Structures are given as C-alpha cells and as structure tokens.
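Hi,

Here's the structure I said I'd pass along. Have a look at it first, then read on for what turned up.

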Amino acid sequence: MTYHSEFKRSIEQPEDFWREQSTMIDWHQPPQTIWEKLENGHGHWFPDGTLNTSDIALDAHIRAGRGEQKALIYDSPVTDTQQSYTYQELRDQVAVFAGALRNQGVEKGDRVIIYMPMIPQAVIAMLACARLGAIHSVVFGGFAAHELAVRIDDAKPKAIITASCGIEVSRVIEYKPLVDDAIAEAVHKPEFCVLYQRSQVTASLIPERDHDWNNFVSGAATADPVPVKATDPLYILYTSGTTGKPKGVVRDNGGHAVAMRYSMSLVYDARPGDVYWAASDVGWVVGHSYIVYGPLFTGCTTVLYEGKPVRTPDAGAFWRVCQDHKVNILFTAPTAFRAVRKEDPEADQLRRYDISSLKRIYLAGERLDPPTYEWLREHTGLPVLDHWWQTETGWAICCNPVGIDMVQTKPGSATYPSPGFNVQVLDPEGLPVQAGEQGDVAVKLPLPPGCLTSVWGDDDRFKSTYLSPIPGYYASGDGGYIDEEGYVFIMGRTDDVINVAGHRLSTGEMEEIIASHPAVAECCVVGANDELKGQVPLGLVLVKDGATISEEELEEELVEMVRERIGAIACFRQAIIVDRLPKTRSGKILRRVIRQIADGQDYAVPSTIDDPAILEEISQHFSS
Ligand code: COA
Ligand code: AMP
C-alpha cells in the first residue's frame, strides 16, 4: 500500500475504507451502516454503531492485558511533581469519579464544563463524563470569567468541575473567584460544582453547591461504561469565529474514535507502548485529541506536562521531559520552539540531555516558519513534520503520511492531504485554481470521520459558516496553494481569526470589547506579525469627538478591558489612536492593508478605497 493508493481509495470508496478502519476499535455494537447521507453532501458516520469512549481508552487495554502499563505521566515543573498512572489505576479513578457524578444526577446527554489546569484530574474528569455518556466541554484555564460565562450560557451544563488554582511561571491564578464570577454573570446556573483543592491555594466552597473533589469521590461506587450511539456527542469545544460568540464544535463518539485511532497510525505511526507527548493544554483541540484520546485509544503512554517550554526552569525543559520519560513522539506548536530558540540559539541545552528515544517531532497550530523548522532539524537531526488541522476537524487535514511511508518534506508545506480529506484550492467563484495558485482551501464533502458534526445548539450556524459558502465543500477559512507535486501550503486565515502563540482568537470579539469603551467611536483589530508568537493583536482606535481621555490612558484602559473580558492569553497590548480608518467606498474597513502596513510590507492601494491618503496617515502612525 502506498500513500497515493490509500488516499485514492479513501476518496473513491469511502465506505469500504472507513469500514476497514472502524474495525480497529472495540465497539459495543459494531456499525452495519458506515455512512448515512443527510443533505448537501453532509452526513453521519457509523450511525447504528454503539460504543463507549472511556471503555475504548481504558477498559479495552485492561482486557487486552495492558493494565499495568503506564497510561499517563504527569510532569509538573511548576509544582516539582512527577506522577504516573497505569491503565488500571486511571480506569479505577475515572470509574469512581463517574460514579460520584452519577450519584449527583449526571447522566447521558448532560453537559459538564471542565475548567482546570494541566493536572491529571482534568483528564479523569473528561473520561468520567465520557463513561456516563455525558458531554464535556473543557474551557481553557487562561480564559477570563466572561468567556467562561458565555460558554456556560451556551452549553447549559449541569455541573462545573474545577480546581483551586492554575500555576503560571510567575504567579498562581485562583480559579474559584473566576468560576464564581462566571456563574454570577451567566443566566444559566449549573446545579453543582466539584473543586479539586491544590496545595498552593485552598478555595472556599459555597455550601450545597460546591463539593470538594476528595469528599465527592469518597465512598462512591464505580460506574460502568454506558454504551452510546456513535453519533451521540462526546464533547463540545468552543473555538473563536469571526464574531464575539464562540462556536461550540460538536464531536461525536464513533467517528472520533475511529479517526483518532487511524490518525495515530497514519500521522504519528504510534504503537501501543509508545510514549507520546503533546505539549499543549487540554483546553485546546490538540489536548483533546493528542493528550487524552488519541494516545489512550492506541495504548500509548501519554505525557501531561504542566509547564512552559522556557522559564520552567529554562529552555532545556522539553529535552529534559523527553529524556526523563523516554518520549518517542513529540508534538507542539512552532511558538514553543521559537521561544526555546530565542533563549538557546545554539541549542546548548539540548546537549545536556539524552533524547535518543525521540523518533520524530511534530508541529501544528500555526504556520511553521522555515527558520524554526531548519533550526530544529539541524540541532536534533530528527524528522520535523508539519501538519495542518483545526479544532473543527480534530485531526490532520494534511500531514506527512509516516504510517504508510514518510515522504520528503518541503519547508513551509504541511505535505499531503490525509486520506479522507479531498483538499482543493478554489477561486472566489468556487472553481479549482491551477497548481501553485493561491485561493481558498476547501475540503470536498463528505468530511471523513472525526470532524465536527454541528455547532452546539445552532445547526444553521454550522451550515452557514462551513457548508454554504462553497456548495459541496467544507470551507476551512484558510488560504493557500497546492504545488505541482501535490504538496499543500497553508498561508493563513482568510477571515478575522488570528493565531497568537498557537491560540486561535477572534479580532471581531476584541473589536466588540474595545468599541464598548465610552470614548471609542470606531475601531479595528488586526493580527500583526510577531517574531515569537506568530501574530499579536493590534488595535486602531478612533476617539469620539469631545472625549477628554489621554491617548496613554485610553490605551491602558483598552488593554485592561480585553485582558479582563477574554484573558491574558489574548496578548492585546497595543492600541494606536488614529484620526480615520481606511475603508472601501461601501464602508468596509480595509484590514488586510492595515496588516500589511503594520508588518512593514509593500501594499497595493485597493481600487475600492474611499480616500487613499488615509493609508499614508496610518503608515506615519506606525513609523512614529
Ligand atoms: N491560565 C492562566 N493564564 C494563562 C494560561 C493559563 N492556562 N496560559 C497562559 N496564560 C497567561 C500567561 O500567564 C500570560 O500572562 P501575562 O500577560 O500576565 O504574562 C498570558 O496568558 C500570555 O501567555 P502565553 O501566550 O503563554 O505567553 P508567555 O509569554 O507566558 O509564554 C510561550 C510564551 C511561547 C512560552 C507560550 O506561549 C507557549 O508555550 N506557547 C506554546 C503554544 C501552545 O502550546 N499552543 C497550544 C496549541 S498546540
Ligand atoms: P485551531 O482551531 O485553534 O487548531 O486553529 C486552526 C488554525 O490554525 C487553522 O485554521 C490555521 O489557520 C492554523 N494552523 C493550524 N495548523 C497549521 C499549519 N500546520 N500550518 C499553517 N497554519 C496552521
């Protein structure tokens, strides 16, 4: 089997192809129907199959005799802790926590929000929900109370599971006040909260509503896995769209399990017993797919790392973890290695550690800039593999098909479409462009298993965002091109989504916050290039006539507002006060040109511009 024949079969005979892949997981009731077409080329995978995701991740390995193998290694330089769990131990803790949730009334279909730092209890909580057929929604711990409130109102959870604090490099972040504020702000009120007390902070609990984790599980009977339909939701994961309201990406159980299992072989060539480390956070899709589900479905040992690539304590942190746990496969965002390279340009730290266990390094989440790629390759001597995917797809749309045969990499390219993804580059009319020409990157429907099945509570939004823009295709929101040899190059978003340190953020949301300041008449936020974080948001603000606030004060207040509403993770640090914003004659702000000016790039004056002189004014603001 070669990549090309496997790819061809996945596109021409998708049902046969995915039927075969579906046999890799332990179903409760294997599916008879592989694909059920709904409308517009969209549909459901494995509609009559039943399974339980926690059973596949844990119990199945115990049945197969791997109960004593390490399932999870928790490595936390910020608390100086290392701890591991075998499959048996992890299963037991998950089953008890699930039993305790069940005692409190959580059942199949209920939503549970998990707002936690990178500790094993976060993984236990996710798998416990899956065990009951409850739908988890993990909210990244770096988001502020308001963001949590928005998600509470959208998902309407029965419970929130949290911890007393998260630990950043230079500060401890108390979570409980954020959870309390979020619940106060939200219209929907969860019935109860479970809080894991960490030794750094003891949070106070609200009687009747809040439960201490240890008391909560004490004496609870274990829960067995509840079989669910393949099409039942496993989780909701919110991601930034172009508006202030995040989209709840819905992932099903069956398609997800099959896709995760397949991707672990295809993309990572991971086998049972391999030590797999995705240095990300369970709050992001990388954490869901490749800290928790993918490695555990495959019988690997997954590493849960509570730390940073630098400053915990130094730029050797990643190499130290690889050595200590004999990591075989490492996956992170390019930003992480840009940070390491900045602090340790000659990779001196690398020479202090034995990383001979490491076979390959994977990068995704943002564009892999060729200098970072070359630096990593040169210093580690290992294959460095870029792959392109999104929260919506849950696994790589494009990758180097290492599990079939590793092909030559090209700097700047995420290599080939993964089997199942019929990737096309289209012009504004929806027609395919020539090789090498840039356009909108789209996937011809159907999407393979594992991709989003809807937007939570808003199927119309799902269709209007992803399916309607180009009939018959999934619109990825990314632009790029495919070269003569079929290599795919992703050049960046074509919408108002930006990527800051591998974190996806909406400039539209920041604009809504800035515009709510009483002195602001109008504003726009663009993503400007940043050497470390890829992009950072940059605000251009027009002040209302008669406003007396100074420029410095206004900038300070706007920075604080964005930090307060979205979180420090937004990295919004600069607001430039301008006299006018460049617009088209129909009133649309010319964000692309602003971005080009901010990045010091050449730009073409758009023919639709209302007044070209504004561009010169904006340039002067940036140069002053
Ligand atoms: N909880 C609370 N706050 C958090 C947080 C969390 N889980 N994660 C980050 N923050 C805060 C940080 O403390 C920082 O606050 P500050 O402005 O007060 O200093 C702010 O959010 C920005 O964080 P970050 O982008 O992480 O910047 P940094 O300067 O602390 O670290 C890097 C820079 C490059 C080391 C870091 O961005 C990194 O490790 N990136 C890897 C990217 C990654 O894993 N992406 C996941 C997708 S694969
Ligand atoms: P997220 O949903 O947070 O994973 O972000 C997805 C977005 O990140 C994509 O739409 C791309 O814009 C960007 N992205 C992810 N991986 C890559 C990659 N390998 N190369 C270029 N951009 C990427």
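Below are my notes on the two ligand sites, the aromatic pairs, a few buried residues and one annotated domain.

Before anything else, keep in mind that this is a predicted model.

**Ligand 1**

Let's start with the shell. Ligand 1 has 25 residues around it, and the ones that come nearest are Glu168, Arg171, Lys308, Lys533 and Arg563. Sorted by class, that shell holds 12 nonpolar, 6 polar and 7 charged residues.

A few polar atom pairs are worth pulling up in your viewer:

- An N or O atom in the side chain of Arg563 sits 2.7 Å from an oxygen atom of ligand 1.
- Lys533 also puts a polar side-chain atom 2.9 Å from an oxygen atom of the ligand.
- With Gly141 the partner is the backbone: one of its polar backbone atoms is 3.5 Å from a nitrogen atom of ligand 1.

As for how much of the ligand is hidden, on its own ligand 1 has 940 Å² of accessible area, and the protein covers 84% of that.

**Ligand 2**

Ligand 2 is surrounded by 15 residues, with His387, Thr391, Asp478, Arg493 and Arg504 the closest. Here the class split is 4 nonpolar, 5 polar and 6 charged.

The polar pairs at this site go like this:

- A polar backbone atom of His387 is 2.8 Å from a nitrogen atom of ligand 2.
- The side chain of Arg493 has an N or O atom 2.8 Å from an oxygen atom of ligand 2.
- For Asn499, a polar side-chain atom is 3.1 Å from an oxygen atom of the ligand.

Ligand 2 has 500 Å² of accessible area when taken alone, of which 93% is covered by the protein.

Arg504 comes up again away from the ligand. Its backbone oxygen lies 3.1 Å from a polar side-chain atom of Ser240. Ser240 itself is in the loop that runs between β14 (233–239) and β15 (247–252), and because its relative accessibility is 9%, under the 20% cut-off, it counts as buried.

**Aromatic pairs**

How many aromatic pairs are there? The count comes to 39. I picked out two of them.

One is Trp35 with Trp45, a tilted pair with 4.7 Å between centres and 45° between the planes. Trp35 is in strand β1 (residues 35–37) and Trp45 in strand β2 (residues 43–45), 10 residues apart, so to speak a link between distant parts of the chain. Are these two buried or exposed? Both come out buried: Trp35 has a relative accessible area of 16%, and Trp45 is at 6%.

The other is Tyr305 with Phe318. Their ring centres are 6.0 Å apart and the planes meet at 85°, so this pair is edge-to-face. It ties strand β17 (residues 301–305), which holds Tyr305, to helix α11 (residues 317–325), which holds Phe318, across 13 residues. Tyr305 is buried at 4% relative accessible area, and Phe318 is buried at 2%.

There is also a cluster joined by ring pairs, made up of Phe17, Trp18, Trp27, Trp35, Trp45, Phe46, Tyr262, Trp395 and Phe421. You'll recognise Trp35 and Trp45 from the tilted pair above.

**Two more buried residues**

Asp210 is in strand β12 (residues 210–212) and is buried, with 9% relative accessible area. Its side chain has two partners to look at: the backbone nitrogen of Ile206, reached at 2.8 Å, and the side chain of Arg209, with a polar contact of 2.7 Å.

Phe140 is in the loop between β7 (135–138) and α6 (145–155), and at 10% relative accessibility it counts as buried. If you want a distance to check your numbering against, Phe140 and Leu358 are 28 Å apart in space, C-alpha to C-alpha, and 218 residues apart in sequence.

**The annotated domain**

Last, the record. UniProt, in an unreviewed entry, lists residues 509–588 as "domain: AMP-binding enzyme C-terminal". In the model that span is 28% helix and 31% strand, and its end C-alpha atoms lie 17 Å apart. Two residues from the ligand 1 list, Lys533 and Arg563, have numbers that fall in this range.

Cheers

Technical notes:
Residues numbered from 1 in each chain as written. Chains lettered and ligands numbered in written order. Predicted model: local features only at pLDDT ≥ 70, side-chain atom pairs only at ≥ 80, totals over all residues. Heavy atoms only, no water. Near = heavy atom within 4 Å. Polar contact = N/O pair within 3.5 Å; in protein donor to acceptor, adjacent residues only side chain to side chain. Areas by Shrake-Rupley, 256 points an atom, 1.4 Å probe, with all protein chains shown as cover. Nonpolar A, V, L, I, M, F, W, Y, C, P; charged D, E, K, R; others polar. UniProt positions renumbered as here; feature names shortened; annotations may be inferred. Helix = DSSP H or I, 4+ residues; strand = E, 2+ residues; numbered from the N terminus. Phe/Tyr/Trp six-rings, centres within 6.5 Å; stacked < 30°, edge-to-face > 60°. Buried < 20%, exposed > 50% of the residue type's maximum accessible area, 1.4 Å probe, protein only.
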